[in-house]
Amino acid sequence: MKAEKVLVTGSAGFIGFHVAKRLLQEGRHVLGLDNMNSYYDVNLKRARLAQLRGQQGFRFVMADLTDQARMERLFAQESFDRVIHLAAQAGVRYSLTNPLAYIQSNVVGFANVLEGCRHTRVKHLVFASSSSVYGANTHLPFSVHDSVDHPVSLYAATKKTDELMAHVYAHLYQLPVTGLRFFTVYGPWGRPDMALFHFTKSILEDRPIEVYNYGKMRRDFTYIGDIVEGIVRVAEKIPQPNPQWDGEGLGPGTSSAPYRIYNIGNNNPVELDEFISILEEKLGKKAERILRPMQPGDVPATFADIEELAADTGFRPRTTLREGISKFVDWYLDCYAPSQSAAARADEGTCRLNSSSGLYAKEELGGGLGEWTGE
């Protein structure tokens, strides 16, 4: 992939930023795309882009995946070798109140990505799915061979739809496609709506935290560095048709088309109570907990079977929850509360979001980061 051109959608987002950074460190040419929407603090997205700005091989375009004409021009002018599609409307709970945002971004937007890849003969499309697709499935650990026909949120339903659409394009047009079901990703530069970010902020500000299912939720928390490693390894492994697939015994994770699905999780679920206790220990402060029942759209447990990922890529996530939470807190304190922390680990960078340092104006985003503006 060294001399190849890679499109990373959602490059101002949590996972997309880290993937773009890793590819640039390896000498790849990266075009980042993001619509910079206001689902959460845009300043955090700008600060992520500030870390990428000026790095050799990086360009950025602010565009919306649902803009069909813009996406057609992008693919036609750039001729990408590979596409890593991480842009999406995220969040299970938000999908309960804003369902159409998920249809537009996750279904219509993904259709435009598939069309672009099809017409320009992209070598490999890797896209983000989610552990949420397992829905009402109670068979643990979750396997890519399991049925995922009973989603319990619209977010999950759109991700399952993406998997089905991707298979159609792999089958009809021989487009090599790999979907990755991420399990509760956390780490530095994470989203403010995620539990670790929200809990950290509330504990430091002496505000109570709401703990759902009375703290008995179990999640397969997966550190961002492990997620990125999995994505990069999978991107280099172009899927081939499985000659043993017969439509009966091998399940939805593989196919007679050039199509694969993998779980990327830590393969080690942890109860929410333990998660909070580790965070309290790192912060040196106790949380005031308000216990709540489980919310609509949630599931009591997630647990990734990663045997297919390990067999095909040689990779297993290895970062412990204690290590990952420590890295996140170091980053958070350096960015949001520098008076309470020494400098964050050097390899995580700094953002100082409590000041204007490292940020740049919205009008710079379209053309200020590279030669191509999309027009």
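Which residues in α7 meet which residues in α11? On the α7 side they are L196, F197, T200, K201 and L204, and on the α11 side I325, F328, W331, Y332, L333 and Y336. Keep in mind that this is a predicted model. Below is a quick tour of how α7 packs against two other helices, followed by a look at a couple of buried residues, N106 and S153.

**α7 against α11**
- Helix α11 spans residues 321-336, and its axis and that of α7 come within 11 Å, crossing at roughly 55°.
- That angle makes α7 oblique to α11, because it falls outside the 65 to 115 degrees that count as roughly perpendicular and isn't under 35 degrees, the cut-off for roughly parallel.
- As for handedness, α7 passes α11 in a right-handed crossing.
- Going back to the residues that meet here, L196 and L204 are among those on α7, while W331 and Y336 are among those on α11.
- Sort the residues of this contact by type and you get nine nonpolar, one polar and one charged.

**α7 against α9**
- Here α7 (residues 195-204) pairs up with α9 (residues 272-283): their axes come within 11 Å and cross at roughly 50°.
- That makes α7 oblique to α9.
- The crossing of α7 past α9 is right-handed.
- From α7, the contact uses L196, F199, T200, I203 and L204; from α9, it uses L272, F275, I276, L279 and L283.
- The tally for this contact is nine nonpolar residues, one polar and no charged ones.

**N106, tucked into α5**
- You'll find N106 in helix α5, which covers residues 99-119.
- N106 has a relative accessible area of 1%, so it counts as buried; the cut-off for that is under 20%.
- Its side chain makes a polar contact with the side chain of T158, at 3.1 Å.
- Skipping residues up to four places away in sequence, N106 touches A88, Q89, Y155, T158 and D162.

**S153, in a loop**
- S153 sits in the loop between β5 (124-130) and α6 (154-173).
- Being in a loop doesn't leave S153 out in the open: its relative accessibility is 8%, so S153 counts as buried.
- Leaving out neighbours within four places in sequence, S153 is in contact with V92, S95 and G297.
- S153 and G135 are 18 residues apart along the chain, and their C-alpha atoms are separated by 7.7 Å.

Definitions and conventions: Residues numbered from 1 in each chain as written. Predicted model: local features only at pLDDT ≥ 70, side-chain atom pairs only at ≥ 80, totals over all residues. Heavy atoms only, no water. Axes fitted to C-alpha atoms, helices over the stretch in contact; angles between N-to-C directions. Helix = DSSP H or I, 4+ residues; strand = E, 2+ residues; numbered from the N terminus. Parallel < 35°, antiparallel > 145°, perpendicular 65-115°, else oblique. Left-handed = near helix turned anticlockwise from the far one by under 90°. Contact = heavy atoms within 4.5 Å. Nonpolar A, V, L, I, M, F, W, Y, C, P; charged D, E, K, R; others polar. Buried < 20%, exposed > 50% of the residue type's maximum accessible area, 1.4 Å probe, protein only. Polar contact = N/O pair within 3.5 Å; in protein donor to acceptor, adjacent residues only side chain to side chain.
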